[in-house]
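Grab a pencil and work through the exercises below. Try each task yourself before you read its solution.

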Amino acid sequence: MKLIEQPQKSNPQKPCPCYKRLFLIIPPGPAK
Amino acid sequence: MKQSRYCFLFGIEDGKGLVFSSANGALAELDSESYPQVKSFLSECLPPKSGSNLELWNALIDNAFLVEDNTNEIVILETGSQLERSKKSTLSLTIAPTLACNFGCDYCFENHSATHMSKATEEALVLFAERHIKDAKSLQTTWFGGEPTLCLPTIERLQSEFTVLADRSGVSFDPSSIITNGYLLNSKMAMRLKHAGIVLAQVTLDGPKEVHDARRPLKNGRGTFDRILENISQASEILSIAVRINVDRDNIDASIQIIEDLKNRDILPHINVHFAQVTASGSACSSVRDRCFSDQEFSQRQALLYKTLIDRDIYMVDYPQVFSGGHCGAVSEGSFVISPTGDIFKCWEELSVDSEKSTGSILTDTMTSTQRDKAKRYKSWDPFELKECRSCEILPVCMGGCPVQGLQNGDPDKGACSPFKYSLKEMLVLRYLCNQRKEVTT
């Protein structure tokens, strides 16, 4: 068995502000 | 042990298989020897007698494809969801400093208003945050509008106030984001936003120049494509840029071309891109209803788009994200959408200067009966009480979908299904293909 995607650690304390418009997880740390 | 109700196993090519958990998002490739073995493990749930397959058996347990017999996964998910929805450990503020916009997109759901946030409202917002931050461990802000970049000084002042407040309260101030049409997002603007603590900007492009300019013109009708593309190029050196492509029947075929354009200009490797479904929500955009895809059509067309991209050596595809809680701000207690006049809304799509549609105001802790009823509707919306959602195998990645859409669809048995409901296997295979081809090319 070769894992392609690791199990995700859910981040339940940070809800997405809007379900439809921002399907994004804000990346931690400074901007690139 | 028993097979997790959120475990998916299916064959792909050359006798190989994929196994996926919608409970935690794990995805694994199984070779032609492992696939039938895993099939047998999951159906019979008997541990191997010899040691040779023990590693495989243990990997199924470690990644929650197999769970203990007495595990009630729905109850665990439900309990986690209720707990997280009621927690106030993150104070999430989505702020519209104005509802004015320089664009005239025909599918926009907002009724624009020229109102800008006043200094008095800014001060009231800081006091509101101060009252609510006491229960929180972190503060999160998202800038929205109208077009928020029309009000850069307001953003800068409030971000600065929030930084001081978070510091004084001993909570972390998370990196912030902004939803913008990108027209004013040149490198100077991007730098000022970055200094204000904003790290992510979502910008919309709706296709190549002719298509985008027809759909997303300035108020005076002039095109916006060239300038936005130049801005994305500049700003992506400073901020993380997520390009959103709004898709409906009119631009679906052209939507691939914009990604080719971004690739040819060497912008694509520096940004993220995703497709989004145009939906006719509210009166402001009811005129576009005929060109919107149904949820099922959209999910199938979206999978086809990603397949076409992979065939053209562009390796991107959406992947299910797992959240164990009410993952939309609309149903989370610590989440607020603030209008320029200081009214509070639960959903971005209801944002307006009409206090009647709000669920409260930052200026007062008292609510009218209408506001209380509205807030209660969101609070009591629960996918676990909807028969089809409760029994759905992808509930952990969907959690009933968009709450406002679920409340509006009038179906007592289900919420608003995620595109993954109709195309999960296709999307997982595409993810596998992306992974495989990337390995070959890198």
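**Exercise 1.** Find which residue stands opposite B:Phe8, and work out how the strands β2(B) and β3(B) run.

*Solution.* Keep in mind that this is a predicted model. Start at B:Phe8 and look across to β3(B): the residue opposite is B:Phe20. Now zoom out to the two strands. β2(B) and β3 (residues 17–21) of chain B run antiparallel, and five bridges join them.

**Exercise 2.** Place these strands in their sheet and say which ones stand at the edges.

*Solution.* First, write down the order: β1(A)-β4(B)-β3(B)-β2(B), an open sheet of four strands with antiparallel pairing. Next, check the ends. β1 (2–5) of chain A and β2 (7–11) of chain B each have a single partner strand, so one side of each has no neighbour in the sheet. Then look at the twist: ignoring direction, neighbouring strands are turned by 25° against each other on average. Finally, see what lies across the strands. Helix α1 (residues 34–44) of chain B lies across β2, β3 and β4 (27–30) of chain B, and runs at about 145° to β2(B).

**Exercise 3.** Describe how α4(B) and α5(B) pack.

*Solution.* Two packed helices are described by the angle between their axes and the distance between the axes. Here, helix α4 (residues 119–132) of chain B meets α5(B) at an angle of about 25°, with the axes 10 Å apart. Angles under 35 degrees count as roughly parallel, and α4(B) and α5(B) are therefore roughly parallel to each other. Their crossing is right-handed. Sort the contact residues by class and you get six nonpolar, one polar and six charged.

**Exercise 4.** Do the same for α5(B) and α6(B).

*Solution.* Helix α5 (residues 152–169) of chain B and helix α6 (residues 187–195) of chain B pack at an angle of about 20°, and their axes are 9 Å apart. That makes α5(B) roughly parallel to α6(B). This crossing is left-handed. On the α5(B) side you'll find B:Leu152, B:Ile155 and B:Glu156, which meet B:Met189, B:Arg192 and B:Leu193 in α6(B). Sorted by class, that's four nonpolar, no polar and two charged residues.

**Exercise 5.** How far does the pLDDT let you trust chain A?

*Solution.* Begin with the average: the mean pLDDT of chain A is 58, and 28% of its residues reach 70 or more. Then pick out residues 22–32 of chain A, where the pLDDT is below 50; this stretch still has 34 contacts in the model beyond near neighbours in sequence. Where pLDDT is low, the predicted coordinates shouldn't be read in detail.

Conventions. Residues numbered from 1 in each chain as written. Chains lettered and ligands numbered in written order. Predicted model: local features only at pLDDT ≥ 70, side-chain atom pairs only at ≥ 80, totals over all residues. Heavy atoms only, no water. Axes fitted to C-alpha atoms, helices over the stretch in contact; angles between N-to-C directions. Parallel < 35°, antiparallel > 145°, perpendicular 65-115°, else oblique. Left-handed = near helix turned anticlockwise from the far one by under 90°. Contact = heavy atoms within 4.5 Å. Nonpolar A, V, L, I, M, F, W, Y, C, P; charged D, E, K, R; others polar. Pairing = 2+ DSSP bridges. pLDDT = per-residue confidence, 0-100.
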